[in-house]
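The following exercises are meant to be worked through with the sequence and the model side by side. Try each task before reading its solution.

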Amino acid sequence: MDEHRIHLLLTKLAGNTINEQEFEELMLLLRQAESDDAVQPPFDKTWSGLTPATQLSPGEARSLYDQIKENPRFSQTEDVPVLKPHRWLAYAAGILVLIGAGLAAWLLMKPSRKPALVYEEVWAPAGKRVRLVLEDSTEVWLNNGSKLRYPVAFTGNTRELYVEGEACFDVTRRDQQPFIVHSGNVAVKVLGTVFNIQAYQQAPLAVTVVSGKVSVAAGTTALGVLHPNEKLEYEAVSRRAKIDTVNAENLLAWKKGELIMDDVTMEQAAAIIGRWYNVQVELGNDAIRNCRFSLSFLHGESIGEVMKMICELNGCSWKMRGSAIIISGKGC
């Protein structure tokens, strides 16, 4: 035990010149002294020369010790044991007498750890859509094949959650607590707005704004700021982003059970239909894969009705094989 270091730290504490890092070091040494009798004498020797003439009564000292012990800084965790009153009563009393109101308030009131957030997860299985309302009254719709991980309560300076698949957010505005949606290394930040995010695997990430304004970033790289009826697509492999003007309401039609495919390829349509009807769609050749079309299904059409119209439009045929749909033909 370095008696010179102990003396220096206690002297700084007594003079109210100790910084936060030095204070934490002293608290660690005190905890070590509490559990190891061999390192106790240097503290007793140094403290006796610094303790002021004015002493607290045993009851006052115990009360102050209890306040310090109950501070989150000294709570029971894996690396910080609960302090014992054996020697600490004298230290607790002397510390608070010596350092005055400034550092005492910092010691007793400033927690060293933020309360841990408790998360929940919600899945929207293939063929299903899920609606939920978050603690801040934000409304979230999850499209089929999507997952949302979110805190039960938003207690920090931000409201952060994580999405896989597709989700639409109607965000309650809180100017001092931005709302941030994460998908991989991409973050969408808003204050209060309505926007849609598509983050399915093996497809470009897409963010569409209905109202308000959002900023999108990949890591530390800003991708763009979006306004109503603007859509940003980001390709993670090439790290390229583009912004287009769209009809945002059409892109949110899935919330009402309307299947709208606007200028999509057959490959993109296969993924959409697979999630929508919980089937696997297989394309027979590359000619079919690259056919591009637009179709809307607004009345809960069956998969047979959907496939019939798609194939008539794109010069192909389809058949069921078990739980899979096989599309074949020359294509467009």
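**Exercise 1.** In this predicted model, locate Glu235 and decide whether it is buried, partly exposed or exposed.

*Solution.* Begin with the secondary structure: Glu235 is found in strand E12, which covers residues 230–235. Next take the accessibility, which is 32% for Glu235; since this falls between the limits of 20% and 50%, the residue counts as partly exposed. Then look at its surroundings, where, apart from neighbours within four places in sequence, Glu235 is in contact with Pro204 and Arg240. Finally, compare sequence with space: Gln202 is 33 residues away from Glu235 along the chain, and their C-alpha atoms are separated by 9.7 Å.

**Exercise 2.** Carry out the analysis for Leu259, and state which residues it is in contact with once neighbours within four places in sequence are left aside.

*Solution.* Leu259 lies in strand E14, residues 259–265. Its relative accessible area is 4%, and because the limit for a buried residue is under 20%, Leu259 is classed as buried. With the sequence neighbours within four places set aside, its contacts are Ile272, Trp276, Tyr277, Leu295, Ser296 and Phe297. Of these, Ser296 is 37 residues from Leu259 in sequence, while the C-alpha to C-alpha distance is 5.9 Å.

**Exercise 3.** Establish the strand order of the open sheet that contains E18, and describe how its strands are paired.

*Solution.* The sheet has three strands in the order E15-E18-E17, with mixed pairing. Strand E15 (280–283) and strand E17 (317–321) are the edges, each pairing on one side only, and the twist from one strand to the next averages 25°.

Consider the parallel pair, in which four bridges join E15 to strand E18, residues 324–328. Within this pair, Gln280 has Ala324 as its bridge partner, and Glu282 has Ile326.

Turn then to the antiparallel pair, E17 and E18, joined by five bridges, where Arg321 stands opposite Ala324. These two strands form a hairpin with two residues between them, and Gly322 in the turn has a positive phi of about 70°.

**Exercise 4.** Which helix touches E15 and E18, and which helix lies across E17 and E18?

*Solution.* Helix H7 (residues 266–277) packs on the sheet, touching E15 and E18, and its direction makes about 160° with that of E15. Helix H9 (residues 303–314) lies across E17 and E18, running at about 150° to E17. As a last step, examine the burial of E18, which is mostly covered, four of its five residues being buried.

Notes:
Residues numbered from 1 in each chain as written. Predicted model: local features only at pLDDT ≥ 70, side-chain atom pairs only at ≥ 80, totals over all residues. Heavy atoms only, no water. Pairing = 2+ DSSP bridges. Axes fitted to C-alpha atoms, helices over the stretch in contact; angles between N-to-C directions. Contact = heavy atoms within 4.5 Å. Buried < 20%, exposed > 50% of the residue type's maximum accessible area, 1.4 Å probe, protein only.
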